[in-house]
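Got your viewer open and a selection box ready? Let's walk through a few charged pairs and then one threonine.

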Amino acid sequence: MNKPKRILIQMAMFDEARPLREIFNFTQEQFAHDSVLFDLYKTTVDQNILYLVIPKKCLRYDVSRVGSLMAALVAWAAIELLQPDLMINMGTAGGFQSKGAKIGDVYLADKATYHDREFHPIRDAFKKYSVGDYPVCFDEKWVTALALKKGIVSSGNRMLLIDADAKQMEKNQAVAKDMEAAAIAEVTELKNIPIIILKSITDLVDIKQSSHEQFDQNFHLAVEQLIKKAQGLILLLGK
Ligand code: SAH
């Protein structure tokens, strides 16, 4: 029998994670030096130990702590605590109608980039550093088996699209726009841990209706699709 794998799933929002917690019977764990950073859940699936971490709610404003800063802090602290063999970042994202995306499509990332950073407009190394272009764990077999879409997931700290981000995403050849994936992939590269990124489309960024309105309308459908695919992926990883 293979040694059990320790799989760490990181999500940004409690509402995204709730169905996954229910399907896999995750139970909340207390841990030493209980962190102010994240809530921790644990379960086992096919010999593998699954951990789920979500940044603790921002109590001051009563919202999920979405975005790259908390994503990176939580990834770092959770990896130190749990020493996983594999990270999975799953969540919601914007898609592009012009690239064939539909609401509820689930993408497996084959790279993770940023689209809202600029450190030096000319120096090539800084241009590359700003995009990041982090390696992710990708397998064409998963795409086929789970009927996923695939491509580059690009991250930035803006929900609504501005021209500069749109241009950079075009350069990055992004197919999905989120706020956390690249930050987590930057940390997993530092920590030398493979990462799988799975994102479900809540909104199309290149149609008239604003992303936040679409997000609210489509959230449940997108999360339902995400969890179906996540369940399939976790079972495949258990084989
Ligand atoms: N309006 C939401 C806030 C969600 S912020 C609310 O009321 O709860 C957006 C979250 O969904 C982030 O975690 C981000 O990764 C993801 N997301 C979905 N669509 C996105 C888009 N078009 N652009 C950026 N992030 C998006």
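Below are four stops, each with something to select. Keep in mind as you click around that this is a predicted model.

**Stop 1: a pair within one helix**

Start by selecting Asp15 and Arg18. They form a salt bridge, and the closest N and O atoms sit 2.8 Å apart. Now colour helix α1, which covers residues 14-23: both partners are in this helix, three residues apart, so about one helical turn separates them. Switch on a surface if you like. Asp15 comes out as partly exposed, at 42% relative accessibility, and Arg18 is also partly exposed, with 38%.

**Stop 2: a loop meets a strand**

Next, select Lys56 and Asp39. What joins their side chains? It's a salt bridge, 2.6 Å from N to O. This pair links distant parts of the chain, with the two positions 17 residues apart in numbering: Lys56 is in the loop between β4 (48-55) and α2 (68-82), while Asp39 belongs to strand β3, residues 38-45. Buried or exposed: which word suits Asp39? Asp39 counts as buried because its relative accessibility is 13%, below the 20% cut-off. Lys56, at 25%, counts as partly exposed.

**Stop 3: strand to strand**

Move on to Lys199 and Asp178, whose side chains meet in a salt bridge at 2.7 Å, N to O. Again the link spans distant parts of the chain: Lys199 sits in strand β9 (residues 195-204) and Asp178 in strand β8 (residues 174-178), 21 residues apart. Hide the surface here, as both ends are buried: Lys199 has 1% relative accessibility, and Asp178 has 4%.

If you want to hunt for others, the count for the model comes to 11 salt bridges.

**Stop 4: a threonine in β3**

Go back to strand β3 and pick Thr43, which lies in that strand. With 9% relative accessibility, Thr43 counts as buried. What does Thr43 touch, leaving out residues up to four places away in sequence? Select Phe24, Asn25, Phe26, Asn48, Ile49 and Leu50 to see those contacts. Then zoom in on Asn25 and put a distance label on its backbone oxygen: a polar atom of the Thr43 side chain lies 3.5 Å away.

For a parting view, show Asp39 together with Thr43: strand β3 holds Asp39 as well as Thr43, and Asp39 is buried, as is Thr43.

Methods
Residues numbered from 1 in each chain as written. Predicted model: local features only at pLDDT ≥ 70, side-chain atom pairs only at ≥ 80, totals over all residues. Heavy atoms only, no water. Salt bridge = Lys/Arg side-chain N within 4 Å of Asp/Glu carboxyl O. Helix = DSSP H or I, 4+ residues; strand = E, 2+ residues; numbered from the N terminus. Buried < 20%, exposed > 50% of the residue type's maximum accessible area, 1.4 Å probe, protein only. Polar contact = N/O pair within 3.5 Å; in protein donor to acceptor, adjacent residues only side chain to side chain. Contact = heavy atoms within 4.5 Å.
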